[in-house]
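Subject: Structure handover

Hello,

Here is the structure I promised to pass on. Please open it first, then read my notes below.

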Amino acid sequence: MTRFGFILAAGMCLLPLGAGARGYIERMLHHPVPGGVAVVGLGIAEAPPKAYFKGNDVMVLREGAGHWIAVVGLDLKTPKGAQRLVVEDGRGRREIPFQVGAKAYASQHIKLKNQSHVTPDPEQTRRFEREHKEQMAAYANFRNTGPSNVILDKPVDGRLSSPFGLRRFFNGEERNAHSGLDFAVPAGTPVRAPADGVVTIVADYFFNGKTVFLDHGQGFITMYCHLSEFQVTRGQAIKRGQIIGNVGATGRATGPHLHWNVSLNNARVDPAIFINAFKP
Ligand SMILES: [Zn+2]
């Protein structure tokens with residue numbers, strides 16, 4: 001491409017911006033990569049359209065007068081290339097294509113003294129499978145309400161340590177990639193809800209330790225792990241900023257830290273996106 005052609009192409013990319021089509025939520029959250037978020041415009045309608053991705057309900061928000069957007073979570077296994085969002089509104093059912101780009105994630109090697117946290121025995125495996133099922137059900141929940149906000153407050157004020165998506169090797173054996181974001185903060189630090197929600201899980205898990213799930217509505221779910229204390233009970237309605245627990249090192253943790261997951265339409269996505277700390 002000639003120099004002139006490049007300039008022309010770059011100028012053309014700016015046209016939608018000039019038209020004022022990109023709203024605040026899209027500018028903040030639209031990072032369409034594996035482990036990221038795609039914000040897809042659904043057009044203008046009076047009633048909110050329904051949107052589905054890979055069979056899961058998708059969050060739909062109003063942005064601007066009568067303009068609707070879908071906020072789609074893309075899990076780490078989402079391949080690069082074209083994806084389709086299914087939309088149902090007054091005009092019927094249609095598919096909206098959108099593009100997913102690539103993202104490379106780093107590897108991390110972790111030494112654990114407790115070998116059962118690398119290879120659990122059969123009884124521990126049964127326990128883990130039971131706990132896993134319970135957590136998967138909480139992630140799949142979709143309430144037709146909320147959320148109070150999609151741009152989130154940090155649940156603790158601290159340094160970000162392990163990023164989302166790291167490929168992890170425990171004592172040399174590869175396990176699941178890092179499904180959340182870690183904050184390096186001292187034990188006892190209060191953890192605050194980043195948005196209004198309902199507490200759907202309060203449990204002490206084999207890997208995740210003392211864990212709280214918050215359901216913010218429309219499939220927007222957050223999880224807090226390795227806590228030392230709980231400050232909420234299951235079923236409780238909580239407000240943005242409310243203390244839900246304290247940082248600890250329970251479960252599979254090498255030291256005190258907060259592990260934080262964010263999920264949309266049952267896809268675990270990079271929490272850094274929601275606190276304006278995403279690194280491409
Ligand atoms: Zn973690």
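How far apart do the end C-alpha atoms of residues 30-103 lie, and how much of the span is helix and how much strand? The ends are 14 Å apart, and the span is 0% helix and 58% strand. Helices (H or I, at least four residues) and strands (E, at least two) are DSSP runs, numbered from the N terminus. UniProt, in an unreviewed entry, places the feature "domain: Peptidase family M23 N-terminal" at residues 30-103. UniProt positions are given in the numbering used here, feature names are shortened, and annotations may be inferred rather than shown by experiment.

Some ground rules. This is a predicted model: local features need pLDDT of at least 70, side-chain atom pairs count only at pLDDT 80 or more, and totals for chains, interfaces and linings use all residues. Residues are numbered from 1 along each chain as its sequence is written, and side-chain values use heavy atoms, with hydrogens and water left out.

**Zinc site**

The zinc ion has protein donors from His-178 (NE2), Asp-182 (OD, listed twice) and His-259 (ND1), 2.0 to 2.8 Å from it. Donors are N, O and S atoms within 2.8 Å of the metal (3.2 Å for Na, K and Ca); water is not among the atoms, so sites may look incomplete. In sequence, the donor residues follow the spacing H-x3-D-x76-H. The pair His-178 and His-259 links distant parts of the chain, 81 residues apart. His-178 sits in the loop between strands S11 (173-175) and S12 (181-184), and His-259 in strand S19 (residues 258-264). Both His-178 and His-259 are buried. Buried means under 20% relative accessible area, exposed over 50%, partly exposed in between (1.4 Å probe, protein chains only).

Why is the arrangement irregular? The 4 donor atoms subtend angles of 51 to 152 degrees. Four donors count as tetrahedral if all angles lie between 85 and 135 degrees; four count as square planar and six as octahedral if opposite donors are over 155 degrees apart and all others between 65 and 115; anything else is irregular.

**Two sheets**

One open sheet has 3 strands in the order S1-S5-S4, with antiparallel pairing. Two strands pair if DSSP finds at least two bridges between them. S1 (37-44) and S4 (59-62) stand at the edges with a single partner strand each, so one side of each lacks a neighbour in the sheet. S4 and S5 (residues 67-73) pair over 4 bridges. Val-60 stands opposite Ala-70 in S5.

Another open sheet of 3 strands runs S8-S10-S11, with mixed pairing. Its edges are S8 (107-110) and S11. S10 (residues 167-170) and S11 are antiparallel, joined by 3 bridges. Phe-170 has Glu-173 in S11 as its bridge partner.

**Backbone details**

Most residues other than glycine have a negative phi, and most peptide bonds are trans. Three places to look at follow.

- The peptide bond from Gly-146 to Pro-147 is cis, with omega near -5 degrees. Pro-147 is in the loop between helix H4 (122-139) and strand S9 (159-160).
- Asn-171 has a positive phi, near 45 degrees. This residue lies in the loop between S10 and S11. Asn-171 is partly exposed, at 26% relative accessible area.
- Asn-265 has a positive phi, near 40 degrees. Its loop runs between S19 and strand S20 (267-269). Asn-265 is buried, at 7% relative accessibility.

Best wishes
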